[in-house]
Amino acid sequence: MSLAPFSILCGDYNLSVPRVRDDEMPRCEICNGCWFYRSDISPASVEFELLEKYCHGAYLDCARYQFAQSLGISYLPKWLEPNDCRAIKEVRRSPIK
């Protein structure tokens, strides 16, 4: 008797990203299109702590979220870290709607 491959049973998931039920934590509105959220992050890295803090928690404080809300997710730069609010200070004040 052979067992089915893990990807068939569970899907092709990025196991380094913690998965939680929708009712346990707030869900970021841009996580599906956010490069930072979708990138492979080692659980031992500083980026993983940022992912837990912003993507699975206080996403309203995330610089990437704020930038995407101001100008749109298509203009969101890959280099912008979730905790880099100083870099987008002028963007948040932008009169562009």
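## Helix α3 and its two sides

In this predicted model, helix α3 spans residues 46-55, and its buried residues are Phe-48, Leu-50, Leu-51, Tyr-54 and Cys-55. Here, buried means under 20% relative accessible area, exposed over 50%, and partly exposed in between, with a 1.4 Å probe and protein chains only. Helices (H or I, at least four residues) and strands (E, at least two) are DSSP runs, numbered from the N terminus.

Looking down the axis of α3, you will find these buried residues within an arc of 155°, so they line one face of the helix; the arc is that of the directions from the helix axis to the C-beta atoms. Val-46, Glu-49 and Lys-53 sit on the other side of α3, where they are exposed. The packing partner for the buried residues of α3 is α2 (35-38), with contact taken as heavy atoms within 4.5 Å.

## The largest nonpolar core

A nonpolar core is a set of buried Ala, Val, Leu, Ile, Met, Phe, Trp, Tyr and Cys residues joined through side-chain atoms within 4.5 Å. The largest one has 21 residues, and those touching the most other members are Cys-28, Ile-30, Phe-36, Tyr-37, Leu-51, Tyr-65 and Leu-80. Two or more residues come from each of α2, α3 and α4 (63-71), and α3 provides the largest share, five residues.

Leu-80 is worth a look in your viewer: apart from neighbours within four places in sequence, its contacts are Ala-63, Arg-64, Phe-67, Ala-87 and Ile-88.

## Pro-82 in its loop

Pro-82 lies in the loop between α4 and α5 (89-92). It counts as buried because its relative accessibility is 1%. Leaving out residues up to four places away in sequence, Pro-82 touches Phe-36, Leu-50, Tyr-54, Asp-61, Cys-62, Ala-63 and Arg-64. Its C-alpha atom is 8.6 Å from that of Cys-55, although the two residues are 27 residues apart along the chain.

## The whole protein

The protein has five helices and zero strands, running α-α-α-α-α from the N terminus. Of its 97 residues, 34% are buried. Among contacts with a separation of 6 or more, 50% join residues 24 or more positions apart. The protein exposes about 7100 Å², with 54% of it supplied by carbon and sulfur atoms; accessible areas come from the Shrake-Rupley method with a 1.4 Å probe, and for residues only the protein chains shown count as cover.

## Notes on the model

Residues are numbered from 1 along each chain as its sequence is written, and side-chain values use heavy atoms, leaving out hydrogens and water. As this is a predicted model, local features need pLDDT of at least 70 and side-chain atom pairs count only at pLDDT 80 or more, while totals for chains, interfaces and linings use all residues.
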